[in-house]
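Trainee: Before we discuss this model, may I ask that we look at the sequence and the coordinates together?

Mentor: Certainly; here they are.

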Amino acid sequence: MATAFVGRKDELDKLVQGLSDSFGGRGRLFLITGNAGVGKTRLSDEVAEEARGSGALVLRGSSFEDVSAPSYWPWTQVLRTILHSTEHLSSLPASARAAISVLGLIPELRAELTARFPEHAI
C-alpha cells in the first residue's frame, strides 16, 4: 500500500517542472543529495512515477556508501540496463545509439559492449 507523500512539495514541483522542460526539448539535470533517511529515494520515486505516466523511459542507478563500490557505479547500472535491453536501445534516437561506444569507457561494461556491438568496441 502506498503512503502519502508529504514534506517535499517544493522539491517535487521543481523536478516535475524539469521533467516538463525535458519533454519540451530543454534537457535538465538534477542531483538529489542528502543524508540517509531524508527521503531522497521517495522523492525520486514520485518523479519517476510522474515520468512513466507521461510515457518517459525511466532508468535508475543507485550508489551506496561502501568504499569498495566500482567507479561510476550508478551510471554503470543505468548503462547496463540500456545495453541489455533491445527495447531501450531501439527507443533511442540514431545519434544516441551511435554514442553507445561511450559504454566502452566503463571497464565493467567493455566486454559486454564488445560482445553485443563489436562495431562500437573501444
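Trainee: What percentage of the 122 residues of the protein count as buried?

Mentor: This is a predicted model, in which local features need pLDDT of at least 70 and side-chain atom pairs count only at pLDDT 80 or more, while totals for chains, interfaces and linings use all residues. Residues are numbered from 1 along each chain as its sequence is written, and side-chain values use heavy atoms, with hydrogens and water left out. Buried means under 20% relative accessible area, exposed over 50%, and partly exposed in between (1.4 Å probe, protein chains only). By that definition, the buried share of the 122 residues is 20%.

Trainee: In which helix of the protein is confidence lowest?

Mentor: The mean pLDDT (the predictor's confidence in each residue, from 0 to 100) is 77 for the protein, and 72% of its residues reach 70 or more. Where pLDDT is low, the predicted coordinates should not be read in detail. Confidence is highest in helix α1 (residues 9–23), at a mean of 92, and lowest, at 58, in residues 94–98, helix α5.

Trainee: How many helices does the secondary structure of the protein come to?

Mentor: Helices (H or I, at least four residues) and strands (E, at least two) are DSSP runs, numbered from the N terminus. The elements run α-α-α-α-α-α from the N terminus on. There are zero strands, and the number of helices is six.

Trainee: At what angle do α1 and α2 pack?

Mentor: Axes are lines fitted to C-alpha atoms, for helices over the stretch in contact, and angles run from 0 to 180 degrees between N-to-C directions. The axes of α1 and helix α2 (residues 40–53) lie 10 Å apart, and the angle is about 35°.

Trainee: Which residues of α2 make the contact with α1?

Mentor: Contact means heavy atoms within 4.5 Å. On the α1 side, the contact is made by Glu11, Leu12, Leu15, Val16, Leu19 and Phe23; on the α2 side, the residues are Leu43, Glu46, Val47, Glu50 and Ala51.

Trainee: Which residues are linked with Asp21 in a network of salt bridges?

Mentor: A salt bridge is a side-chain nitrogen of Lys or Arg within 4 Å of a carboxyl oxygen of Asp or Glu, and the count comes to seven. Asp21 pairs with Arg26 at 3.2 Å between the closest N and O atoms, and with Arg28 at 2.4 Å, N to O. The residues linked with Asp21 in the network are therefore Arg26 and Arg28.

Trainee: Is Asp21 buried or exposed?

Mentor: Its partners Arg26, at 48% relative accessibility, and Arg28, at 45%, both count as partly exposed. Asp21 has a relative accessible area of 10%, so this residue is buried.

Trainee: Which residue meets Arg8 in a salt bridge?

Mentor: Arg8 counts as buried because its relative accessibility is 17%. The partner is partly exposed, with a relative accessible area of 34%. The N to O distance is 3.6 Å, and the residue is Glu11.

Trainee: How far apart in space are Ser54 and Ser20, C-alpha to C-alpha?

Mentor: Ser54 is in the loop between α2 and α3 (73–84) and counts as partly exposed at 43% relative accessibility. Ser54 and Ser20 are 34 residues apart in sequence, and their C-alpha to C-alpha separation is 9.3 Å.
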